[in-house]
Amino acid sequence: MADLSVNFAGIQSPNPFWLASAPPTNSGYQIMKAFDAGWGGAVWKTLGIPVVNVSSRYGAVNYRNSRMVGFNNIELISDRPLSDNLREIEEVKKRFPHHAVIASLMVGPREEWHQIVRDVENAGADGIELNFGCPHGMCERGMGSAVGQEPKVLKTIVEWVKEVSTVPVITKLTPNITDITQPARAAVAGGTDALSLINTIQSLVGVDIDRFVPYPIVDGKSTNGGYCGPAVKPIALNMTKNCAQDPGVKVPISGIGGIENWRDAVEFILLGAGTVQVCTAVMHFGFGIIREMVAGLSGYMDDKGFATIEDFRGKALDHVLTWENLNMKYKVVAEINEEKCIGCQLCYTACEDGAHQAIKLTPGSRVPHIVEENCVGCNLCSLVCPVESCITMERRDDGSEHLTWSERTMAGNVPLTFDDPLAGGLHHSVPSPTEALSTPVPRHYGLSQN
Amino acid sequence: MALYQSPTSESDFERNFQQLKPLMNQTEAHYESARCLFCYDAPCVTACPTSIDIPLFIRQIHADHVAGAAKTIYESNPFGYACGKVCPTEVLCEGACVYNLQQVKPIEIGRLQSYATGAIIHQEQQLFILPPANGMKVAIIGAGPAGLSCACELRMRGFEVVVFEAKDKPSGLTIYGVAPYKITNEEVLDEMTYLEKQFGFQIRYNHRIETREQLAELEQAYEAIFIGIGLGETAPLQIPGEDLENYMGAVEFIEKLRMEHHAVMVPARVVVLGGGNTAMDAASECARMGAESVVLAYRRSPNEMGAYHFEYDLVKGAGVQSLFNAAPVAILGNNGRVTGVKFQKTALENEKLILIPDSDFVVEADWVIRATGQARRTSFLNLIPGLETDAKGRIVWNATTGQTGNPTYFAGGDAANGGKEVVNAAAEGRKAAQHIAQWLLSPS
Ligand SMILES: Cc1cc2nc3c(=O)[nH]c(=O)nc-3n(C[C@H](O)[C@H](O)[C@H](O)COP(=O)(O)OP(=O)(O)OC[C@H]3O[C@@H](n4cnc5c(N)ncnc54)[C@H](O)[C@@H]3O)c2cc1C
Ligand SMILES: Cc1cc2nc3c(=O)[nH]c(=O)nc-3n(C[C@H](O)[C@H](O)[C@H](O)COP(=O)(O)O)c2cc1C
Ligand code: SF4
Ligand code: SF4
Ligand code: SF4
């Protein structure tokens, strides 16, 4: 059995699954319930001067059969008095001494930071997370993402906290910034022990087209919120990778954003995360999802022969290069498995209209075919095909050649003028524009030819 | 023990004839429509006789544009709601859905179709704007799926349309023939009312066209005439005993059942003769009416039945017993009433059906229903000069244009195709309308 326990910047946790600072960690009641269910740690709902919230507060993106693939909120930090939270932190730590309890904090002046850091440490918090991420409501008051977007201010505040803290300090970053490594480096320069990312992304989740108001609607008006849930995972993965690869960062990272099952967690860990945090998935399905996550992760580790999380943490990082270092001699083309094909012709229309006209319909058969010389190997068709592993991308180069853009640049072998004969698309087959008007289309496709 | 008890009230009847394809609610429609792949050259469209743009209307349902979806459906098939419920979708659109090839449940196209059209019928939403009158008039004989689909399409092209209907309700066999567990009377009539309002054709009910004089008047007053008269009564078997009381044709029994519901008294023992879809319907309807024993008797083997396998499954599910390779040779009776059927066993000899000598046996029955095909309306059709019928009594027509040997007369539906489904009649009615328009507006 794999050992799931982690030591994250000095914080011990029975597994890498933590609850992110958010409604699921609003109270000791919820956190005890979560620990009892199997969660390894919890970042307490951000503490500070208690706020007052509005209703309603949430909006969601539903896609086809799925509800809440994206989630948006305009909630602020904790609205409960600090003393209640401190008392409950103490109770939780007493009952669950080996679980990780991290206090998320957001206040203004230096003295307030000093005071609240001491308070949560006295209550027994194992670590502190600085919320520099909230992109709505708090930033207008000069806190949250307003700090996260100003590396200098951020560094100063981390320094203030480090002046008094005795437990590890995690700095939580906002993704609402062009280059995530800038605040990450500032936090490290300020002395942070670890990073966590991402917080929510500024968003308007949708508009009520009858009332002409975006969601969520508060008495006929709305405001921008913070976006999270499965839809944001790719952004979070990329930012995690950026920080993990940055030589100026080199502190443990807690990965956050759209995680809802063990696979998501493994992906973050492979890109360098030491723990992962979850909010939306728990808000959607409750604490019970942890059973699948723990079982899945430990099954994966057993299958791969990883004894500890450290055995595979960051294992994908060496495989992420900058574009100009990819091998341009590598060549794959699409191949359709005729046995598996169900004849929907989605690949045809995708390639025909959205790619390179490399798939043709086959007279007398519903199974389309690939015109290999036109296929650029983009793999769009294999992504739209509804049948698992029906379209595969098959390698056509023999692997003997390796040439990157940077090598070509150095060799002076790249297109430089507008009509340069080195243009990549020069020899690709492109039908003449008017052929478009004589290509027959089926009934449901368009009006002009029916 | 019978599976069903005799219904004594309308609610009993509804329970026994529970809808096979109940209406979807919004949630189900949302999830089901999400599954559609939006196939290119979609096979479901090709399989639909009216070529409804299925991927488009399903996409419209999913985008919550129900009126748009209904319009897409009605543009191709005026019986959009009814067809969603009564079409044998297993062998049409849903049978062609690509999901079948993946051993995944096909999209429930029929139910989605009824969902969209049903919502719009209910809201009485006007979907089409009719063009100004073009000054020409077309008469339609028969207010069945063929006739009314023709009427809708002609109205969309500016023609004035008068429909002559022998009975007092529209929709033909949709209301008088289709099994009650497929569609209720109310549902059928709601769609018909909607079409009448939407397209503004007139129907003259209780107005059978049956004489040469009447036809001559129509020929005088109208530029073209469409014949959508369907088929006739159930044909006799030409065996002894067919004059007995409680011996009846399936189509006649079903019409009575559809009109009178639980007031129809089906006795304890019923024999149904036949192996087609109508026989299946009659048998399962008798079982649902509480008959203790229903025997479906067919001359040949199960594999040779004309009925769809899912219709036969339905019959078995209703507790009907089957008797194969048994030909009725006489209807037996006492005091002028049916008491049973005398059968003789059959066998195949050189691919010909023969009666096995001395193999007679009797099945006792209180009712005997023959579902052995509908007669053709040839004597009426013979009144039309130039219009011919073939050996099977079908109108000889140009299947592409609907035009008959008498160019003023067009035809479609059961009368021309020999008896298919509602959706075929609808397709043929519409197509004929398009060609009537072409013929009248741009004669070549
Ligand atoms: C028992 C049974 C069950 C069926 N079940 C199904 C089913 O589940 N699904 C399905 O899709 N199809 C089913 N069908 C087939 C379907 O009902 C027919 O194919 C369809 O109704 C044919 O339409 P039509 O317009 O050609 O004729 P009809 O529906 O027969 O309509 C003809 C109309 O013309 C009228 N008429 C006839 N003669 C005259 C005249 N001289 N003057 C004026 N009016 C006249 C009739 O009263 C009738 O209203 C079933 C048929 C039967 C018999
Ligand atoms: C309603 C709501 C409230 C949140 N409040 C906080 C907060 O108080 N402090 C904080 O650091 N992050 C807060 N977050 C951000 C989450 O902790 C987390 O960073 C983000 O939701 C991304 O993770 P997810 O995709 O698993 O939801 C909040 C998120 C939501 C949905
Ligand atoms: S890989 Fe891209 S170019 Fe090649 S067939 Fe597929 S969609 Fe077309
Ligand atoms: S997308 Fe896949 S299943 Fe559909 S036609 Fe193409 S290969 Fe076949
Ligand atoms: S075949 Fe099935 S999946 Fe494809 S468009 Fe038709 S209903 Fe949708």
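## Cavities, a pocket and ligand surroundings

The lining of the largest cavity consists of 19 nonpolar, 13 polar and five charged residues. In this classification Ala, Val, Leu, Ile, Met, Phe, Trp, Tyr, Cys and Pro are nonpolar, Asp, Glu, Lys and Arg are charged, and the others, Gly among them, are polar. The model is predicted: local features need pLDDT of at least 70 and side-chain atom pairs pLDDT 80 or more, whereas totals for chains, interfaces and linings use all residues. Residues are numbered from 1 along each chain as written, chains are lettered from A and ligands numbered from 1 in the order written, and side-chain values use heavy atoms, without hydrogens or water.

**The largest cavity and ligand 2**

The structure holds eight cavities of 30 Å³ or more, a cavity being a set of points on a 1 Å grid over the protein atoms alone where a 1.4 Å probe fits but cannot get out. The largest cavity has a volume of about 440 Å³, taken as the space filled by probe spheres set on the points, which are joined across faces, edges and corners. Its lining comprises 37 residues, each with an atom within 4 Å of a point. S21(A), A22(A), N199(A), T200(A) and C279(A) are those nearest the centre of this cavity. In chain A, two or more lining residues come from each of strand 4 (41–47), strand 6 (66–73), strand 8 (127–131), strand 14 (225–228), strand 16 (273–278) and helix 9 (280–285); such elements are DSSP runs numbered from the N terminus (helices H or I, at least four residues; strands E, at least two). Helix 9 of chain A contributes the most to the lining, with three residues.

What takes up the space of the largest cavity? Ligand 2 does, by the rule that more than half of its atoms lie within 2 Å of the grid points. The shell around ligand 2 receives two or more residues from each of strand 4, strand 6 and helix 9 of chain A. This ligand has 23 residues around it, with S21(A), T46(A), K172(A), G258(A) and T280(A) coming nearest; a residue counts if one of its heavy atoms lies within 4 Å.

Several polar contacts (N or O atoms within 3.5 Å) reach ligand 2. One of its oxygen atoms is 2.6 Å from a polar backbone atom of G258(A), and a backbone N or O atom of G229(A) is 3.0 Å from an oxygen atom of the ligand. A nitrogen atom of ligand 2 lies 3.5 Å from an N or O atom in the side chain of N199(A). Of the 600 Å² of accessible area that ligand 2 has on its own, the protein covers 98%, by the Shrake-Rupley method with a 1.4 Å probe.

**Ligands 1 and 5**

Ligand 1 is surrounded by 33 residues, the closest being V86(B), E165(B), L173(B), K182(B) and D414(B). Oxygen atoms of ligand 1 lie 2.6 Å from a polar side-chain atom of E165(B) and 2.8 Å from one of D414(B). A nitrogen atom of ligand 1 is 3.0 Å from an N or O atom in the side chain of E421(B). The protein covers 95% of the 1,000 Å² of accessible area that ligand 1 has on its own. Helix 9 (145–156), helix 14 (277–288) and helix 18 (422–441) of chain B each give two or more residues to the shell around ligand 1.

Around ligand 5 are residues of chain B, including C36(B), C39(B), C44(B) and C97(B). The shells divide by class as follows.

| Shell | Nonpolar | Polar | Charged |
|---|---|---|---|
| Ligand 1 | 14 residues | 10 residues | nine residues |
| Ligand 2 | 11 residues | 10 residues | two residues |
| Ligand 5 | 10 residues | no residues | no residues |

Methods
On a 1 Å grid over the protein atoms alone, a cavity is a set of points where a 1.4 Å probe fits but cannot get out, and a pocket is an open set with protein on both sides within 12 Å along at least five of seven lines; lining residues have an atom within 4 Å of a point. A polar contact is a pair of N or O atoms within 3.5 Å; within protein, one must be able to donate a hydrogen and the other to accept it, and residues adjacent in sequence count only if both atoms are side-chain atoms.
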